[in-house]
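User: I'm new to this one and would like a walk through it. Could you show me the model, then take my questions one at a time?

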Amino acid sequence: MAILGFRKAAPAAPPKDDVLAAFLDGYSIEVMPRTAEKIEDFRALLPRGTRVYIAHIEGTPIDDMVATAARLRAEGMEPMPHFPARVVPDRATLTDWVARYRGEAGVDQALLLAGGLPKPLGDFQTSMELLSSGAFDGFHRLHVAGHPEGNRDIDPDGGMKNVSDALDWKQKFSKRTDARMAIATQFCFEAAPVIAWADGIRAAGIDLPVHIGVAGPAKLQTLIKFSIACGVGPSLRILQKRAVDVTKLLLPYEPAEFLTDLARHKAVNPDFAVESVHVFPLGGIKTSATWLKACSKDEE
């Protein structure tokens, strides 16, 4: 409300955290074809050259996946499609998908993962089988999934043995391939378990860089729903504790505290395994992109 001809000043933007801004530099983000359709132009949201993962959900037509990759390429992004092993029908289909991505969208990087299906639809069950197939020879970058809080699809009893064995295999494969490899993780909410896991895999001889998964800003109810569905581990307690606080229940969650804790740890420990941030835009791509721009070094 104006008083005596003066306008009420807009709230001042929060001071930028330079440590967090540096940590976010080079972040990646994730889309699905159906969510990408809602974005008029990715250049208005993301820095040029941003790596954009394209999630391949069972039943998504490959035509839609390839078209999304081609569009991202045309708009200056680096498309990185998912290849979920258990969704691929057979080796011929895998070869065809790779050829289409490369020929129609210039794709030379991919995320290989088992996929969330309890049983494979075809010839492949694990990302290791995809890596061994030879289909990705010549790719510039290959990422594999990581699970700081375990993965019940791999270790149903809640342990980490099979996950650890798989990481050891991928570490050895990384020494045989010309592709740059990294571990892209499930989203987490608490820094301490991530730091302990990252230090643990380093101690076990895994030197692959880690791209830590983080949930972008979203309603608390949305995050809890996705977290349960995706099998997020003990750090889910951060959301549950927040939900108990009525004053915070209706406020959107933002990952600033989680990422700032990791950023400050990285600043003090430059050899910390986490080298980049991967954003799951559970509250919407525009919402995450706006938050990232406000926190990043390149904000105008």
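## Around D108

Analyst: Let's start with a loop residue in this predicted model. Leaving out residues up to four places away in sequence, D108 touches F139, H140 and R141.

User: Where does D108 lie, and is D108 buried or exposed, or partly exposed?

Analyst: D108 sits in the loop between α4 (91-105) and β4 (109-113). Its relative accessibility is 26%. Buried means under 20% and exposed means over 50%, so D108 counts as partly exposed.

User: How far apart in space are D108 and F139?

Analyst: F139 is one of the residues D108 touches. Along the sequence, D108 and F139 are 31 residues apart. In space, C-alpha to C-alpha, the distance between D108 and F139 is 4.6 Å.

User: Let's zoom out. How many helices and strands are in the chain?

Analyst: The chain has 300 residues, and 46% of them count as buried. Taking contacts with a separation of 6 or more, 78% are between residues 24 or more positions apart. As for the elements, the chain holds 12 helices and eight strands.

User: Which residues touch the most other members of the largest nonpolar core, and which helix gives the most to this core?

Analyst: In soluble globular proteins, nonpolar side chains tend to be buried together. Here the largest nonpolar core has 75 residues, and F83, F136 and F258 touch the most other members. The helix that gives the most to this core, with six residues, is α7 (residues 191-203).

User: What does F83 touch, not counting residues up to four places away in sequence?

Analyst: F83 is among the core residues that touch the most other members. With residues up to four places away in sequence set aside, F83 touches L94, W97, V98, Y101, A110, L111, L112, L113, L130 and F136.

User: Is there any empty space inside, and how much of it lies in the largest cavity?

Analyst: Rolling a probe the size of a water molecule over the atoms shows where empty space is left. Counting cavities of 30 Å³ or more gives one. The space in the largest cavity is about 30 Å³.

User: Which residues line the largest cavity, and how do they divide into nonpolar, polar and charged?

Analyst: The lining of the largest cavity is made up of L131, F136, D137, L142, F173 and T177. Asp counts as charged, so D137 is the charged residue of this lining. The whole lining divides into four nonpolar, one polar and one charged.

User: How many disulfides are there, and are C188 and C295 buried or exposed?

Analyst: C188 has a relative accessible area of 2%, which makes C188 buried. C295 comes in at 16%, under the 20% cut-off, so C295 is buried too. A disulfide needs two cysteine sulfur atoms within 2.5 Å, and the count of disulfides is zero.

User: Back to the loops. Is R86 buried or exposed, and what is R86 in contact with?

Analyst: R86 is found in the loop between β3 (78-84) and α4. At a relative accessible area of 8%, R86 falls under 20% and is therefore buried. The C-alpha atoms of R86 and F124 are separated by 5.6 Å, with their positions 38 residues apart along the chain. Leaving aside neighbours within four places in sequence, R86 is in contact with A114, G115, L117, P118, K119, P120, L121, G122, F124 and Q125.

User: Is G59 buried or exposed?

Analyst: G59 lies in the loop between β2 (51-54) and α3 (62-74). G59 and V87 are 8.6 Å apart, C-alpha to C-alpha. The relative accessibility of G59 is 66%, and over 50% means exposed, so G59 is exposed.

User: Last one: which residues is G283 in contact with, leaving aside neighbours within four places in sequence?

Analyst: G283 lies in the loop between β8 (274-280) and α12 (285-295). G283 is partly exposed, with a relative accessible area of 34%. Leaving aside those sequence neighbours, G283 is in contact with P217 and A218.

Notes. Residues numbered from 1 in each chain as written. Predicted model: local features only at pLDDT ≥ 70, side-chain atom pairs only at ≥ 80, totals over all residues. Heavy atoms only, no water. 1 Å grid on protein atoms, 1.4 Å probe; cavity = no way out; pocket = protein on both sides within 12 Å on 5 of 7 lines; lining within 4 Å. Points joined across faces, edges and corners; volume = space filled by probe spheres on them. Buried < 20%, exposed > 50% of the residue type's maximum accessible area, 1.4 Å probe, protein only. Core = buried A, V, L, I, M, F, W, Y, C linked by side-chain atoms within 4.5 Å. Helix = DSSP H or I, 4+ residues; strand = E, 2+ residues; numbered from the N terminus. Contact = heavy atoms within 4.5 Å.
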